[in-house]
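Colleague: Could you walk me through this model before I go back to the bench?

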Amino acid sequence: MKPARSRKKIERPYSWSQLHNGEWVCESIQTRLDEWCPKLFGYHMLKLGGLSCELASCTCNIQHQVNLDIQNPLHNVVADGYNLPFLEKSFDAVVLSHQLDYSNDPHRLLREVDRVMMDDGYLIITGFNPFSFTGLSSLLPWRRNDLPWSGRMYTPSRIKDWLGVLNYQVVHCDTYALFPMKKYQPMWTWLESSLGEWASGAGSQYFIVARKRTYPLKPIKPHWHLKRRWSPVGASFNTNACQSPKIHRIFKLKKAD
């Protein structure tokens, strides 16, 4: 497995029109994002990168949304993704659409996103699966330098491992698009649906929703798990109980013996 950090200069796309079948990829992500937007709550939302900026989030309950990129005209903040100009714990939701695929240091990018993420905030990540027809196409020599094959592709399981290190809980993971073909799309869609679960693992796209979890330093045990400590109780002898004539008679017999 190659290290995630690379010194190679990677061209980062800022619009879906730069990708092969980019419009179809954008529509597939938009369909899944529309299902999750009503479930997101908070005050501030960040869409990092030009591809994320072009995704619509009108149905989201979060009204204040920040589009951060350098080249995309839809941006309202111009900054570097590795050094976000925001305070810690500023955003309730962050969208990273195909940003890890074209990053020289995806670990640094995730750590910076984690810095500005609120506790229990939602992180949405999309990308290309290398173990798919799209990923295998990057092995062809005439496609290595063209988008989208010129980027770094990571498996969904590897992305989950990175999120686990940062204490994120993956609440949803969808791998789809076994045949990402724009032409004759109904036929490929029917074939993919007929294959069922076997086709999901080899899908060319993944859509991951994770939630940031913060655990206390010292766990608090519930009171019903605590063991009670038993303390000895001193027994007292009641002398008044020996005043009956029967007990006196027993004591006299013992003394006579």
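Modeller: We can take the cysteines and then the salt bridges. This is a predicted model, where local features need pLDDT of at least 70, side-chain atom pairs count only at pLDDT 80 or more, and totals for chains, interfaces and linings use all residues. Residues are numbered from 1 along each chain as its sequence is written, and side-chain values use heavy atoms, with hydrogens and water left out.

Colleague: How many disulfides are there?

Modeller: The count is 0 disulfides, where a disulfide is a pair of cysteine sulfur atoms within 2.5 Å.

Colleague: Why is Cys 58 not in a bond?

Modeller: The closest cysteine sulfur, in Cys 37, is 8.7 Å from that of Cys 58, which is too far for a bond. Cys 60 is in no disulfide either, with the sulfur of Cys 37 the nearest at 4.8 Å.

Colleague: Are Cys 58 and Cys 60 buried or exposed?

Modeller: Cys 58 is exposed at 76% relative accessible area, whereas Cys 60 is buried at 4%; buried means under 20% relative accessible area, exposed over 50% and partly exposed in between (1.4 Å probe, protein chains only).

Colleague: Switching topic, how many salt bridges are there?

Modeller: The whole structure has 6 salt bridges, each a side-chain nitrogen of Lys or Arg within 4 Å of a carboxyl oxygen of Asp or Glu. One of them joins Lys 212 and Asp 114 at 3.6 Å, N to O.

Colleague: Where do Lys 212 and Asp 114 lie?

Modeller: Lys 212 is in strand S6 and Asp 114 in helix H3, so the pair ties together parts 98 residues apart in sequence; helices (H or I, at least four residues) and strands (E, at least two) are DSSP runs, numbered from the N terminus.
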